[in-house]
Every structure is written in C-alpha cells, then in structure tokens.
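Labels in structural biology rest on cut-offs. Look at the model below, then test each label against its value.

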Amino acid sequence: MATIHFSLQGKGGVGKSFLAAMLAMYYKHNNKPVKIFDTDPINATLFGFSALGAQQFEIMRKDDVDKRKFDQLFSSIFNTDEDVILDIGSNGFVPLCSYIIANQLIDMLAGQGHQVVIHTSIVGGQNLKHTVNGFDALCSQFPTTAAFVIWLNPFWGDIEFDGKPFEKLKVYEKHKGRINAIIQVPDWDQSMHGKDLADMLERQITFDDAIASDQFGIFERQRLTLIRDDIFKSIATAQIT
C-alpha cells in the first residue's frame, strides 16, 4: 500500500518542518505521487510552498486542538494508495500522540498494509537533550510497527554529548532496532551554502524552482544544486520512499 511519513518532534524550532520539506521536495523532484498535509497552526511551512501542493489541515478550535479533526485527517489517508507526508506542529504534538496511542492508529494503518515511518530531528547545541529525549519518548510509546528515521542536523552545533556522537549514546543503543535509517544533514558553510538555503526557504520555493530561476546568481544556484544532491542522495540511500 502506502508509506505514511510523520514529521514529529515535541520541541519547536529544531528543524522538524525542514526535514518534512526536504522529503516533500524529494518526492516532487522524482515525480513520485504523494499527499502532503500541513497541520501546524502557527508556522504552516509546507503549505507556503505552492509547488509542493500541500493541504493545510486546520486542527485548532479557538485556543485548543480539536481532536475530532484527527478523525477527518486520518480517514482521508486510511485507504490511500499514495504515500503521505504529515508535518505536525509542536502545538499539536501532544494531542496527536495521545490520539495515536488511544486509537492504536499505527497498528490500524499497518493492518491496512501501510508502512508508518516516524521522522524526527536530533540537533546539536542546547536542544540536543530535548530532541534526544523526544526521540526516546516516541520510541517508548509507539508500537514496533512504526519505523524511525533520524535526521541529525548540526546547524545548531555538534551532535555529541560528553564527546560521544549520537550512535554512541545510550538512547541509540536502547532503540537502534527501531531505527530504519539515519540521515546526516551536511554541515555546510553557513555564510555560503547555509545562507543560500535559508534564502530559498524564506522565499518558499523548491530546489528545482530555485535552480531554474534567475532570482539566484550562478554560484548560488550551483551551491543549491550541491545541497539538493547531498540531501536527496541521503534520502535515496535510506530507502524510505
């Protein structure tokens, strides 16, 4: 059937929507059919990229999450034969996880023949502990029918604790059987490649559109090509689509 990709991380501002956007761009670049849902009520990142064709799914009712909306969302994907990408905002993280567990949603999707893949970001700097703990909680609470893909993003600093990389941490040893792939986001020169990527994302255009556009200079387009090829090669190697 289909692969259902969830982009989940309880901590906001740690590249959750970035990884969802990269995955969505990979599908579009390779002309693979995919349904994309953006449920972030504050920062609807994917919905802002017109080329991705994401659907904005409103899950808020006044100042709270309307859990009944999740019924509508998952009813629309339960019988799909196309892969799905869901970007879940940090506001909806706890209610969605509660909904998934209470309704045994992952097992339901697996029973329908779907593969469920949880994508989560691990970042360096002051949020390393938060993102590692978030991954630990997801693995501990979700059934084994859900596979995990870890995105190691060094944008905020080296991903290591007491000199140990992620693969040497206790949480990795604890859950390594659940991890289907680790995608290493390259540590680009932030004044060059990083700035070009940030400009592209701020304008809410895809790699392919940016590279084909005169909005960027020849060297900027070349660096964006290198970034795209690096990330897309990692996704292809992970064999998750």
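The turns below ask why certain labels apply to this predicted model.

Q: Why is Asp196 called buried or exposed?
A: Asp196 has 3% relative accessibility. Buried means under 20%. Therefore Asp196 counts as buried.

Q: Where does Asp196 lie, and what does its side chain contact?
A: Asp196 lies in helix 7. Its side chain makes a polar contact with the side chain of Arg223.

Q: How do you know that the pair Asp196 and Arg223 is a polar contact?
A: The distance is 2.5 Å. The cut-off for N or O atoms is within 3.5 Å, so the pair meets the distance test.

Q: Why is Thr237 called buried or exposed?
A: Thr237 is at 58% relative accessibility. Exposed means over 50%. So Thr237 counts as exposed.

Q: Where is Thr237, and which backbone oxygen lies by its side chain?
A: Thr237 is in helix 9, which covers residues 218-238. The backbone oxygen of Lys233 lies 2.8 Å from a polar atom of the Thr237 side chain.

Q: How many residues along the chain lie between Thr237 and Ile182, and what separates their C-alpha atoms in space?
A: Thr237 and Ile182 are 55 residues apart along the chain. Their C-alpha atoms are separated by 9.9 Å.

Q: What makes Ala238 buried or exposed?
A: Ala238 is in helix 9 as well. Its relative accessible area is 15%. The limit for buried is under 20%, so Ala238 is buried.

Q: What is the distance in space between Ala238 and Gln126?
A: It is 28 Å, C-alpha to C-alpha. In sequence, Ala238 and Gln126 are 112 residues apart.

Q: Why is Ser75 called buried or exposed?
A: Ser75 is in helix 2, residues 68-78. Its relative accessibility is 52%. The limit for exposed is over 50%, so Ser75 counts as exposed.

Q: How far apart are Ser75 and Gln222?
A: They are 147 residues apart in sequence. In space they are 42 Å apart, C-alpha to C-alpha.

Q: What makes the phi of Gln104 worth a look?
A: Most residues other than glycine have a negative phi. Gln104 is not a glycine, yet its phi is positive, about 50°. Gln104 is in the loop between helix 3 and helix 4.

Q: Why is Gln104 called buried or exposed?
A: Its relative accessible area is 53%. That is over 50%, so Gln104 is exposed.

Q: What is the phi of Gln239, and where is this residue?
A: Gln239 has a positive phi of about 55°, although it is not a glycine. Gln239 is in the segment after helix 9. It is exposed, because its relative accessible area of 71% is over 50%.

Q: How many aromatic pairs does the structure hold?
A: It holds nine aromatic pairs. One of them is formed by Phe166 and Tyr172.

Q: Why is the pair Phe166 and Tyr172 called edge-to-face?
A: The centres are 5.7 Å apart. A pair needs centres within 6.5 Å, so these rings pair. The planes are 70° apart. Over 60 degrees counts as edge-to-face, so the label fits. Phe166 and Tyr172 are both buried.

Q: Which residues form an aromatic cluster?
A: Phe6, Phe70, Phe74 and Tyr99 form one aromatic cluster.

Q: How do you know that the charged end of Arg203 sits over a ring?
A: The ring is that of Phe216, and the charged end is 4.5 Å from its centre. The limit is within 6 Å, so the distance test is met.

Q: What is the volume of the largest pocket, and which residues are closest to its centre?
A: The volume is about 640 Å³. Of the 30 lining residues, Gly15, Ser17, Phe18, Trp156 and Leu201 are closest to the centre. The lining divides into 14 nonpolar, twelve polar and four charged residues.

Q: What is the volume of the second largest pocket, and which helix gives the most to its lining?
A: The volume is about 300 Å³. Helix 5 gives the most, with five residues. By class, the lining has five nonpolar, one polar and six charged residues.

Notes:
Residues are numbered from 1 along each chain as its sequence is written. This is a predicted model: local features need pLDDT of at least 70, side-chain atom pairs count only at pLDDT 80 or more; totals for chains, interfaces and linings use all residues. Side-chain values use heavy atoms; hydrogens and water are left out. Rings of Phe, Tyr and Trp (its six-membered ring) pair if their centres lie within 6.5 Å; planes under 30 degrees apart count as stacked, over 60 as edge-to-face and the rest as tilted. Buried means under 20% relative accessible area, exposed over 50%, partly exposed in between (1.4 Å probe, protein chains only). A charge sits over a ring if NZ of Lys or CZ of Arg is within 6 Å of the ring centre and within 35 degrees of the ring normal. On a 1 Å grid over the protein atoms alone, a cavity is a set of points where a 1.4 Å probe fits but cannot get out, and a pocket is an open set with protein on both sides within 12 Å along at least five of seven lines; lining residues have an atom within 4 Å of a point. Grid points are joined across faces, edges and corners, and a volume is the space filled by probe spheres set on the points. Ala, Val, Leu, Ile, Met, Phe, Trp, Tyr, Cys and Pro count as nonpolar, Asp, Glu, Lys and Arg as charged, and the others, Gly among them, as polar. Helices (H or I, at least four residues) and strands (E, at least two) are DSSP runs, numbered from the N terminus. A polar contact is a pair of N or O atoms within 3.5 Å; within protein, one must be able to donate a hydrogen and the other to accept it, and residues adjacent in sequence count only if both atoms are side-chain atoms.
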